[in-house]
Amino acid sequence: MPQTILTLSTRGQGLYEFTDQAAAFVSASGREEGLLTVFVRHTSCSLLIQENADPDVRTDLLAFFRRLVPPASDPSMGWVVHRAEGADDMPAHIKAALTQVSIGIPVARGRLTLGTWQGLYLFEHRDRPHRREIVLHLGT
């Protein structure tokens, strides 16, 4: 079964679309049907399928998650114990726990069956740049 690892470089918190890379992997496999499993190998980022037409959606999602889980330096986060890797680390783990690290997408007629305005995103929860590994596995 076809499998590969994508490496995405992030520039800090944000949504990084990789729909085209996933679609190219499926196309190159030659498979007409199956299930693409997408898995991110980290605990401080996650995966989303989200609208890719209006960038305001990404802006609003980032703002929502910053309000929901502020940095550990925020007075409301005084209960946080894990601070060894910076004020953004434990909040990043919480955000990853609230979202997902694995997504399954059906493949039909050799293509991802995403909706018209759907895109596949790495959701980076850390402030500084990282290199993130995403496993793509096309099964039956």
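This is a short selection-by-selection tour of a predicted model.

**Stop 1: strand β3**

Select residues 34–40, which make up β3. Look along the strand and watch the side chains alternate. Gly34, Leu36, Val38 and Val40 point to one face and are buried. Leu35, Thr37 and Phe39 point to the other face and are not buried.

Now add residues 102–108, strand β5. This strand pairs with β3 in the antiparallel sense, over 6 bridges. Pick out Val38 in β3: its bridge partner in β5 is Ile103.

Next add residues 131–139, strand β8. β3 and β8 also run antiparallel, joined by 6 bridges. Here, find Leu36: Leu138 of β8 stands opposite.

**Stop 2: the largest nonpolar core**

Keep Leu36 and Val38 selected. Both are among the residues with the most contacts inside the largest nonpolar core, which has 22 residues. Add the others of that group: Phe18, Leu112, Leu122, Ile134 and Leu136. Then colour the elements that give two or more residues to this core: β1 (3–9), α1, β3, β4 (45–51), β5, β7 and β8.

Centre on Leu122. What does Leu122 touch, leaving out residues up to four places away in sequence? The list includes Leu8, Leu15, Tyr16 and Phe18. Val40, Cys45, Leu47 and Ile134 are also among the residues touched. Arg132 is on the list too, as are Thr10, Gly14 and Ser46.

**Stop 3: helix α1**

Select residues 19–29 for α1. Show Thr19, Ala22, Phe25 and Val26, which are buried. Why do they sit on the same side of α1? They cover an arc of only 130° around the axis, which puts them there. In general, an α-helix has 3.6 residues a turn, so residues three or four places apart point the same way.

Turn the helix over. The face away from the buried side carries the exposed residues Asp20, Ser27 and Ala28. Then step past the end of the helix to Gly30, which follows α1 and has a positive phi, near 80°.

**Stop 4: the aromatic cluster**

Select Phe64, Phe65 and Phe123, which form one aromatic cluster. The count of aromatic pairs comes to 2. In one of them, the ring centres of Phe64 and Phe65 are 5.4 Å apart and the planes stand at 85°, so the pair is edge-to-face. Phe64 counts as partly exposed, at 47% relative accessibility. Phe65 has 10% relative accessibility, so Phe65 counts as buried.

Move on to Phe65 and Phe123. Their ring centres lie 5.2 Å apart with planes at 90°, so this pair is edge-to-face as well. The pair links distant parts of the chain: Phe65 is in helix α2 (residues 55–68) and Phe123 in strand β7 (residues 118–124), 58 residues apart. Both Phe65 and Phe123 are buried.

Stay here and add Leu48 and Leu61. With Phe65 and Phe123, they are among the 7 residues of another core, which lies apart from the largest one.

**Stop 5: Ala87**

Finish in the loop between α2 and α3 (89–98), where Ala87 has its place. Is Ala87 buried or partly exposed? Ala87 is partly exposed, with a relative accessible area of 32%. Add Pro71, 16 residues away along the chain. The C-alpha atoms of Ala87 and Pro71 are separated by 5.3 Å. Leaving aside neighbours within four places in sequence, Ala87 is in contact with Pro71, Ala72 and Ser73.

Conventions
Residues are numbered from 1 along each chain as its sequence is written. This is a predicted model: local features need pLDDT of at least 70, side-chain atom pairs count only at pLDDT 80 or more; totals for chains, interfaces and linings use all residues. Side-chain values use heavy atoms; hydrogens and water are left out. Buried means under 20% relative accessible area, exposed over 50%, partly exposed in between (1.4 Å probe, protein chains only). Helices (H or I, at least four residues) and strands (E, at least two) are DSSP runs, numbered from the N terminus. Two strands pair if DSSP finds at least two bridges between them. Rings of Phe, Tyr and Trp (its six-membered ring) pair if their centres lie within 6.5 Å; planes under 30 degrees apart count as stacked, over 60 as edge-to-face and the rest as tilted. The arc is that of the directions from the helix axis to the C-beta atoms. A nonpolar core is a set of buried Ala, Val, Leu, Ile, Met, Phe, Trp, Tyr and Cys residues joined through side-chain atoms within 4.5 Å. Contact means heavy atoms within 4.5 Å.
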